[in-house]
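This report examines how the chains of a structure meet, and which local features accompany that meeting. The sequence and the model are shown first.

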Amino acid sequence: MSGLRVAWAAARLELQLMARDRLFVALTILAAVSFVAMVSLFGLTGSRAPMALIDEDGGPQAKAFVSAMDRAHHSFRLRPMSRQEADALLAQGRLVGSITIPAGFSERVTKGQTVALDVRLDNVNVDLSNDVQRALPAAIVIFGRESGFPGLRAQVEEHDVVNHDTEYIPYLAVSALALDAFVVAAALGALAVAREWEGRTLKFWQMSPARPASLLAGKLLATGAVSAAALVAAVAFIGLVFGVWPVAPFALAGTLLACVVIFGCVGAWLGSVLRRTAPVVPLAFGLVLPLYMDSGALEPTRFDGDPIWIIAHGTPLYYAVGVLEWAFHGLQVTPEPILVDMAVLVGFAVAAVLATRGALRRSRA
Amino acid sequence: MRAIWAVAALDLSVWLRSRWAVAAALLPPLGMAVLVGLLTVSVGQQPVALVVEGRGQLASRLATLYEQDEDAYLLSVLDRRTAEQALRDQRVAAVILIPADFDERARSGDGRVVLELNNVDIDVSDDIRRAAARSVAELDAPQLGLLGELHGPTEGILLPSPYRIAIAERDLRDTNVEFLQYQVVPILIMVVIGVGTLSSATLAARERERGTTRLLLMAPPRRAALVAGKLLGGLLATAAVLVPLLVIGAAAGVLSPPLAHWPALLALLAATAAMASGLGILIGLAVRRPRVVTMLSLNTAIVLFFLGGGFTTVAFMPDWLQALSGLVPTSYAIDALRQALFYPDLLGFGRDLAVICGFAVVSAGLGTAALARSLGRA
C-alpha cells in the first residue's frame, strides 16, 4: 500500500475524529488565540501610567509643562480631575499617582522662581514607581529646553538604530504567535497520538500492513492543517485589531509552517508519553509559558545577559520569535542574521520529525 | 455532617489519586509563576555601555551620575569601539557617549550627551530615554534626582533650579514592593481558581460519565448532604494544594502580610475557592467529557486571571476593559489580596470580600442546584 495513500487516509480519519471533538478543538484554538489578547494587556503597563492631573494654575507655563509631560517618552496618561477625586482613585489603586500644578505656577516660573510640584505616588509596584520617577525629570528637561531657560548646560542627543519606534502591544502580539503555534500544534498533535492509547487502537497499528510512520504522518498532517488555520485566525486578529500586517508575508508563512511541524511533532511525542488526552493542553500551557519568556517575547533575549540568552538557543521559540518580529515589523531582535534563524528553525523541524519516528518505534517495542 | 464529610473525603481522595488532574490544574499557574520570575529579569535594569571621552569636571560629574543610577542600568564603561560593537551584537541596548568636547560646549549651554539607542523594543528604549534625561537634569539641578524628590521640597528644602521646577514626591507606602513579589502573588488566585474549578468540574463530570450518580442516590444520605459534600470536596481539593503554597510563601517571605491581616486573607481565599468550586460543578455538569472539562476549566481560569488584573495593572486598561474587569470576580480577589499583603490597612477589603462572597453564593448556589437537578434526573 502506498505510503502516501495511507497518510492521506489517516489524515482524513483524523479530521473526522477532530470534527467529532469540535468543542475541544475550538477551545484549544480559543485558548491560544485569546492569549494574544491577554499578552497585549501586559503591554499596556509598559507605558502611559495613568496619573491624575490637578492643574490649579491653568496659565501658559502650566499648559506648556502639561504638553511636555505628554511628550515625555510615552510616560503618562494624564487625567484632569479634582484633588478629592484623585485621592479617592489613588486609594482604590485606579491610578499610579497624581501631579498637582499649584496656583501661581505660570507667574512664578516666568519670574524665574522655582516651583515645587506636589506628586503623590502609589509605590506599590517598584517598576511603575521607577518609570514615573524618571519620567518627571525627563518632562522637566523638555519643558526647560523648550522654554529657553538660561543655565541649562546639557541635553541628550539621540540616534536610533531603527528609524521608527514600534508600539509595544503590536510587538508583543507578534511574539505571542509563536506561543500560539506551540499550544495549538502541540495540543492537537498530542491529542492525535494520546487518543490511540486511550482508545487502545494502537495495537491495530502493529497489525496493519501500513507503515506506522505513514499513519502518524497522516495524523500530523491533519492536525497541522487545523493548527495552520488557527494561526491564520490569530494573524488576522493581530491585523484587524492592532492594524499590524506582515512586511514579509512569505517569511511569516514559512516560519509558522516550521513551527506547526516542530510543535506538532513535539505534541506527538508528548502524547506518546502521557497516553491520556485530558492533561495535554494544561501541560502544553505550563511548559510554554516560561519558554515563551526566554524566547525574546518581551525584549531581545540578548539584553537579558549571557546565561538566559544561551539557554534560549535550546528552544525553537527563540528563532521563531526572531523571524516573526522581522516578518511583521522589520525588526532584528536576535544578534544572529535572520537567515540563520530560519535555517535553524528548519533544522529543528527535521530533528522533530526524526525524534517522533524514534519515539514511535520505542512506543511500539 | 458525617455524610457530607464522607462524600467530600471520597472526592478528595479520588482527585488526589488522579495525578494527571492535579498536574493539569497546577501546571499553568506554575508556568505562569516561572514566567513572572523570568519577567523580573526583563523589567528594571537595562544593559547600557558608557563611553567617557570628556576629561573635564562636568564630564566626570555626569559620568558619576550615570554610574550611580544602578536601578536603571547594568552599566559597562567601555571605549567607543568596544561599545559600538556591543551595540551591534545586542549585548547592550544603548551606548551613552560623553564626548571629548563636553565641558567646552556645556559652558556655552550646548553640552551634548549622545545616546545611541537600539530601539527595537519601545519599552526598553523609553526606560533608557527617561533615565538618560534624568541624569542630565541632575547635572544642573541635583534636586531632580531621586533623593531630591523624596527629601527636598517635601521636607521644606526648595533649592533654586535652572529648570524652575522641583518635585515634592510623597509615596503612599513606606517601602516599595519588589516587582517579583507584586506579580507572583496574584498567581495564588490563579491556583485557587484553576484547582477549584478543575477539581470540582472533573469530579462532577466523572460521576455522570461513569454512571455512579445512581449509586449515590441509593446511599442513605439525603440529596442535600450529597450536594454539600461535593462542594466541600472541591474546597478540600483546593486547600490540599493551597495550604502548602501558603506555608512555602510565608516561609520564603513572599507572603508577609501584617499579622492582623491573616484572618482576612484566609477568608478571601476560602470565598474564592467556594466560588471556583461552584463554577467547576456547573462546568462539569454542562460538559461531562474529561478533556473538554479540562479545557473549559483552563480557559475560564486564564480569562478570569487576566481580566482580573493578574498579569497587568487594571488602572492601565482602557475604560471599557476596566468596566469589564469590574464584572469579573477575580479583579476583586486580586485587589483584596494586594491590599491585605502590601498595604498597612484593609481599605476597601470589606467591599471586595463581600463581592467575592456574593459571587461564591451565586456560583455555589447555581452549581449545587444543577447538581441536585442532575441527581434527580439520574
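## Salt bridges between the chains

Chain A and chain B are joined by eight salt bridges. The structure is a predicted model. A search over all chains of the whole structure returns 27 salt bridges. In general terms, side chains of opposite charge can pair when their charged atoms come close.

One pair that crosses between the chains is D160(A) with R129(B), where the closest N and O atoms are 3.5 Å apart. D160(A) belongs to strand β5 (residues 154–160) of chain A, and R129(B) belongs to helix α6 (residues 122–140) of chain B. The two residues fall into separate accessibility classes: because its relative accessibility is 35%, D160(A) counts as partly exposed, whereas R129(B), with a relative accessible area of 6%, is buried. The cut-off that applies to R129(B) is that buried means under 20% relative accessible area.

A further pair is formed by the side chains of R94(A) and D335(B), at 3.6 Å from N to O. This pair also crosses between chains: R94(A) sits in the loop between α4 (83–91) and β3 (97–101) of chain A, and D335(B) in helix α15 (residues 329–342) of chain B. R94(A) counts as partly exposed at 22% relative accessibility, and D335(B) is partly exposed as well, with a relative accessible area of 23%.

## Extent and composition of the interface

How many residues of each chain are in contact with the other? In chain A there are 113 such residues, and they are in contact with 108 residues of chain B. Between them, the two chains bury about 10100 Å², of which 62% is on carbon and sulfur atoms. Within chain A, the residues that lose the most area to chain B are R134(A), R153(A) and F303(A), which together account for 9% of what that side buries.

Polar contacts across the interface of chain A and chain B amount to 39 residue pairs, counted with both residues at pLDDT 80 or more. On the side of chain A that touches chain B, the largest share comes from helix α6 (residues 126–147) of chain A, with 16 residues. By class, that side of chain A has 62 nonpolar, 26 polar and 25 charged residues.

## A strand pairing across the chains

Strand β4 (residues 115–121) of chain A pairs with β5(B) in the parallel sense, over seven bridges. The partner strand, β5 of chain B, spans residues 165–171 and is mostly covered, with five of its seven residues buried. Within this pairing, A166(B) in β5(B) is the bridge partner of A116(A), and R120(A) stands opposite R170(B) in β5(B).

R120(A) and R170(B) also appear in a network of salt bridges that links them with R83(A), D87(A) and D118(A). The two arginines that stand opposite each other in the strand pairing are thus members of a network that includes residues of both chains.

## Features within chain B

Strand β1 (residues 46–52) of chain B is mostly covered, as six of its seven residues are buried. It pairs in the parallel sense with strand β2 (residues 73–77) of chain B over five bridges. In that pairing, L75(B) of β2(B) is the bridge partner of V48(B).

Chain B also holds a salt bridge between the side chains of D110(B) and R105(B), at 2.6 Å from N to O. D110(B) is partly exposed, with a relative accessible area of 23%. R105(B) counts as partly exposed too, at 31% relative accessibility.

## Backbone exceptions in chain A

Most residues other than glycine have a negative phi. H73(A) is not a glycine, yet has a positive phi of about 60 degrees. H73(A) is placed in the loop between α3 (60–70) and β2 (76–80) of chain A.

R200(A) likewise has a positive phi, of about 55 degrees, although it is not a glycine. Its place is in the loop between α7 (168–198) and α8 (202–207) of chain A. Is R200(A) buried or exposed? R200(A) counts as exposed because its relative accessibility is 63%, and the cut-off for that class is over 50%.

Definitions and conventions. Residues numbered from 1 in each chain as written. Chains lettered and ligands numbered in written order. Predicted model: local features only at pLDDT ≥ 70, side-chain atom pairs only at ≥ 80, totals over all residues. Heavy atoms only, no water. Buried < 20%, exposed > 50% of the residue type's maximum accessible area, 1.4 Å probe, protein only. Helix = DSSP H or I, 4+ residues; strand = E, 2+ residues; numbered from the N terminus. Pairing = 2+ DSSP bridges. Contact = heavy atoms within 4.5 Å. Buried area = accessible area lost by both parts, 1.4 Å probe. Salt bridge = Lys/Arg side-chain N within 4 Å of Asp/Glu carboxyl O. Polar contact = N/O pair within 3.5 Å; in protein donor to acceptor, adjacent residues only side chain to side chain. Nonpolar A, V, L, I, M, F, W, Y, C, P; charged D, E, K, R; others polar.
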